[in-house]
Amino acid sequence: MYERALSPIRIGGLEIRNRIARTAHATMMARDGKITDELIAYHLARAQGGVGLTILEAAGVHPSAVLSLANLDDTIIDGYRRLATAIAPTGMRLFQQLWHGGHIYMQPDGSPPLAPSTVPSPIAGVAPRPFTRRQIDELVAAYGAAARRVEKGGLDGVEVHAGHGYLLAQFLSPVLNRREDDYGGSFDNRMRLLRRVLAAVRDAVSPGFAVGVRLSDSADPRILAMDDVGEVARRLRDEGLIDYVNMSYGDYYALHRQVGGMDAPTGFQIPHTAPPVADFGLPRLLNGRFRTLEEVEQVLRAGEADLISMVRAHIADPDIVAKSAAGHPDRVRPCIACNQGCIGRVATFGRLGCVVNIAAGDETTLAERLIRPAASPLRVLIVGGGPGGMEAARIAALAGHRVTLAEAMPSLGGLTNLYRTAPRMGTIADIAGWLEEEVYRLGVDVRLSTYMSADDIAAEGADSVILAVGAAFEAPFRQIQFPAEEIAVAPGARVIGSVELFEDRRADRGRSALILDDVGHYEAIACAEELLERGLAVTFVTRHKMFAPQIDITLRTQSALERLHAKGDFTLRVGSRLVAARPGEADIAPNFGTKVETVAADSIVWVGIRPGQTELAAELEARGIEPVCVGDMLAARNLQCAIREGHLAARSLPSGAVAARPIRAIA
């Protein structure tokens, strides 16, 4: 069924067992630049699941640029050997990406970055110091020494990162490279450093050791065009400096092009990255939000790539290859491309995670293989069939408990059944559907259209009760920034909540709308996009100093703004509040100013913070039953919290399973 995807391929003198790869991605699991047991466990789980090739996250080769891994001296070699020894029995191949960030990040000691010239990046926001010729020679030697350590540590290859706007891509750019020596100016001069680096790497390793390069264009083709990237790849190939090319898309001027969210289609990078390396003659590794082996198979059969990366898909489920090859692709836990647990958790918590798979990054303590059958199975009652409740039911069933899942509505899924219909949110239904299939497959007693009062729950006589009934549907109509102020709402003004907007899709919302976002997550974006698609003019008002700050780290806000501005009449007002609402219009003002602006608003959509529900838990406690409350029942938050808390509640049952660690902060 997956003949092409599961067929072997050679990179240089090395055989890769299949065409499924995981390109370099930040886990931030290293400590003091060294490989940890947690990092080994993370990669081992994916190796055991059948991945053919993994490229380890960027290792800094020079003291001026280090993120997580640091390949600066021979102390890294022991970690490589421990990792290689653990991975070897699985057959997965391991490469190390070698990296320098250039002007993107400050140096570890806080001093200005080193770069080709003084052009600053939008991230560091500081004019960098240009590399001197002596420092360039030092850097070239550092790449070679780093490659030697990788081979000495028992890994199978290296990849030089010359894309995504990092240092070597900066040297390639006619805009970022303003040098007037023989490393700037002409195309040949701008390629000189990359050539020297790859030559030094080749000289430092054995002939059969794989050497590749990662390349990408810029979001602005004037900075670095994809045609030029293709020419770079061809010249490196012709000079025998590489065994494969890893083509990617975008840089820090538009990060969402690198890691597409749920708004990006499967394979969204392929139309941009495949043509420059068509008929390349060397293996081409491409990526672009692939989630299934069937999707991979189609691209490989079309000849557009030779290997496909499935990074986030394997964060969500390490066993994609094994499950699919065994004829069970339906059992693959789907990545929903929300970017909240992977990129978002790295940026906030400082360590990779996953919304749908809470064991990601915590394999040493939370991997599901650690769950053991309960020595004395319990009768577990779970009330609430949203994602949190379904995850609790799934884990409790895996531990061998007798599980009943009661849901008041006619179907499982909770609010995902509502928000799955919102623009660009369809993949949220995938995890709800997967959880539903799993609870049925595991034999959970699912009772739909079953509202359970405290009396009903007590009558069940369950040994353990988990409540996952969600938050209140309505948020109090009071702005957080100004809790003492009453909003003047005149008779006839139409104010609705986001839930009502999607519950009643046929209602006439007029010709204009005001979205009042007090939360700062994706909910308000979905409301705005829904109304723009209906043809309404939309004014988006938020108390926050920026647009949707709670998800900005997920790289989804930039693409959302592009769509909202392109769809119709869209106006954004940040750091603002609603003062008054009247039929057909509303008054808004800056949070800390008095100038009032009147805007058209036939409808006002209030996206506020919904409180949890405490009454049912209190009634049970009065009867001597101590339930565990999870997810939005505690307070409306997000899908990540719901699934994580449902999982940990079930893992904490006295079942003989390995106990979970205390709940960590959730990104």
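**Notes on helix packing and a few buried residues**

1. A good place to start is helix α2, where Ile77, Gly79, Tyr80, Leu83, Ala84 and Ile87 are buried (under 20% relative accessible area, with exposed meaning over 50% and partly exposed in between, for a 1.4 Å probe and protein chains only). These residues sit on the same side of α2, because they cover an arc of only 155° around the axis, the arc being that of the directions from the helix axis to the C-beta atoms. The cover over them includes α1 (37-48), β4 (53-60), β6 (93-99) and α3. Helices (H or I, at least four residues) and strands (E, at least two) are DSSP runs, numbered from the N terminus.

2. Before going on, please keep in mind that this is a predicted model, in which local features need pLDDT of at least 70, side-chain atom pairs count only at pLDDT 80 or more, and totals for chains, interfaces and linings use all residues. Residues are numbered from 1 along each chain as its sequence is written, and side-chain values use heavy atoms, with hydrogens and water left out.

3. Now to the partner of α2. The axes of α2 (residues 77-87) and α3 (residues 133-152) come within 8 Å and cross at roughly 40°; axes are lines fitted to C-alpha atoms, for helices over the stretch in contact, and angles run from 0 to 180 degrees between N-to-C directions. The two helices are therefore oblique to each other (angles under 35 degrees count as roughly parallel, over 145 as roughly antiparallel, 65 to 115 as roughly perpendicular and the rest as oblique). On the α2 side, Ile77, Tyr80 and Arg81 make the contact, and on the α3 side Arg149, Val150 and Lys152; contact means heavy atoms within 4.5 Å.

4. A second pair to look at is α5 (residues 187-204) and α6 (residues 226-238), whose axes come within 11 Å and cross at roughly 50°. That crossing makes α5 oblique to α6. Phe187, Asp188, Met191, Leu194, Arg195 and Leu198 of α5 meet Asp228, Glu231, Val232, Arg235 and Leu236 of α6.

5. Leucine 215 is worth finding next, in strand β10 (residues 210-216). With a relative accessible area of 1%, leucine 215 is buried. Leaving aside neighbours within four places in sequence, its contacts include Leu194, Val232 and Met247. The C-alpha atoms of leucine 215 and methionine 1 are separated by 31 Å, and the two residues are 214 residues apart along the chain.

6. Two residues stand out for their backbone. Most residues other than glycine have a negative phi. Asparagine 339, which is not a glycine, has a positive phi of about 65°; this residue is in the loop between α10 (320-325) and α11 (343-348) and is buried, at 1% relative accessible area. Leucine 555 also has a positive phi, near 70°, and is found in the loop between β21 (537-542) and α19. At 15% relative accessibility, leucine 555 counts as buried.

7. Just after that loop, have a look at α19 (residues 557-567), where Thr557, Ser559, Ala560, Arg563 and Leu564 are buried. Seen down the axis, these buried residues fall within an arc of 160°, so they line one face of the helix. They pack against α18 (522-533) and β22 (570-573).

8. Finally, glutamate 391 lies in helix α13 (residues 387-398) and counts as buried at 2% relative accessibility. Apart from neighbours within four places in sequence, glutamate 391 is in contact with Leu435, Ile643, Gly646 and His647.
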